[in-house]
Amino acid sequence: MTIILRLFAWGLAAAIAYATLGPATQRPHSNLGQNGEHAFAFVLLGLAFGLAYARAPRLTAVLVIVYTGLVEVLQFLAPGRHARLSDFVVDALAACVGLVGALAIDWVIGRTRRSAA
């Protein structure tokens, strides 16, 4: 299961990088608005990495937040894209929400396993 979670997490990271740095015309759009789309994507990213690397939550949090900043800074090199501090803040906070959600899920699973034993 861990391998599947890790593949999903890295695939999601690649998809976010492509949507963020690729051609703007190929970026998915929804009714959530720009901040809502960012928040949704990065909550999923935080949740995916938090579950995939549950044994190292602090390191995972640092890496996810660094990734969030890196993707934002790389937009300076992408034609037609622009990096914004407000986007980074939304993305990083959303990723942290996902990471906290993963910690909660991991805690519930651990508690359930201990109760069953």
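Colleague: In this predicted model, what makes the crossing of helix 2 and helix 4 right-handed?

Modeller: A crossing is given that name if the near helix is turned clockwise from the far one by less than a right angle, and the crossing of helix 2 and helix 4 is indeed right-handed. The two helices pack at an angle of about 35 degrees, and their axes are 6 Å apart.

Colleague: Which residues of helix 4 make this contact with helix 2, and how do they divide by class once both helices are counted?

Modeller: From helix 4 (85-116) the contact includes Asp 87, Asp 91, Gly 98 and Gly 101, while helix 2 contributes, among others, Gln 34, His 38, Gly 46 and Gly 50. The contact of helix 2 with helix 4 has 12 nonpolar, 7 polar and 2 charged residues, with Gly counted among the polar ones.

Colleague: Why is helix 1 called roughly antiparallel to helix 2?

Modeller: Helix 1 and helix 2 pack at about 150 degrees, their axes being 8 Å apart. Angles over 145 degrees count as roughly antiparallel, and therefore helix 1 is placed in that class relative to helix 2. Their crossing is left-handed, and the residues that make the contact include Phe 8, Trp 10 and Ile 16 of helix 1 together with Phe 42, Leu 45 and Phe 49 of helix 2. By class, this contact has 15 nonpolar, 1 polar and 1 charged residues.

Colleague: And how do you know that helix 1 and helix 3 are roughly parallel?

Modeller: The axes of helix 1 (residues 2-21) and helix 3 (residues 57-74) cross at roughly 25 degrees and come within 9 Å. The limit for the parallel class is under 35 degrees, so the two helices are roughly parallel to each other. Helix 1 passes helix 3 in a right-handed crossing, where residues including Ala 13, Ile 16 and Thr 20 of helix 1 meet Tyr 67, Val 71 and Leu 74 of helix 3. The residues of this contact divide into 8 nonpolar, 1 polar and no charged.

Colleague: What makes a group of residues a nonpolar core, and which residues have the most contacts inside the largest one?

Modeller: Such residues must be buried and joined through side-chain atoms within 4.5 Å, with buried meaning under 20% relative accessible area. The largest nonpolar core has 15 residues, and those with the most contacts inside it are Ile 16, Phe 42, Leu 45, Phe 49, Val 64 and Tyr 67. Helix 1, helix 2, helix 3 and helix 4 each supply at least two residues of this core, and the largest share, 5 residues, comes from helix 2. Leaving aside residues up to four places away in sequence, Ile 16 touches Ala 41, Phe 42, Leu 45 and Tyr 67.

Note on methods: Residues numbered from 1 in each chain as written. Predicted model: local features only at pLDDT ≥ 70, side-chain atom pairs only at ≥ 80, totals over all residues. Heavy atoms only, no water. Axes fitted to C-alpha atoms, helices over the stretch in contact; angles between N-to-C directions. Helix = DSSP H or I, 4+ residues; strand = E, 2+ residues; numbered from the N terminus. Parallel < 35°, antiparallel > 145°, perpendicular 65-115°, else oblique. Contact = heavy atoms within 4.5 Å. Buried < 20%, exposed > 50% of the residue type's maximum accessible area, 1.4 Å probe, protein only.
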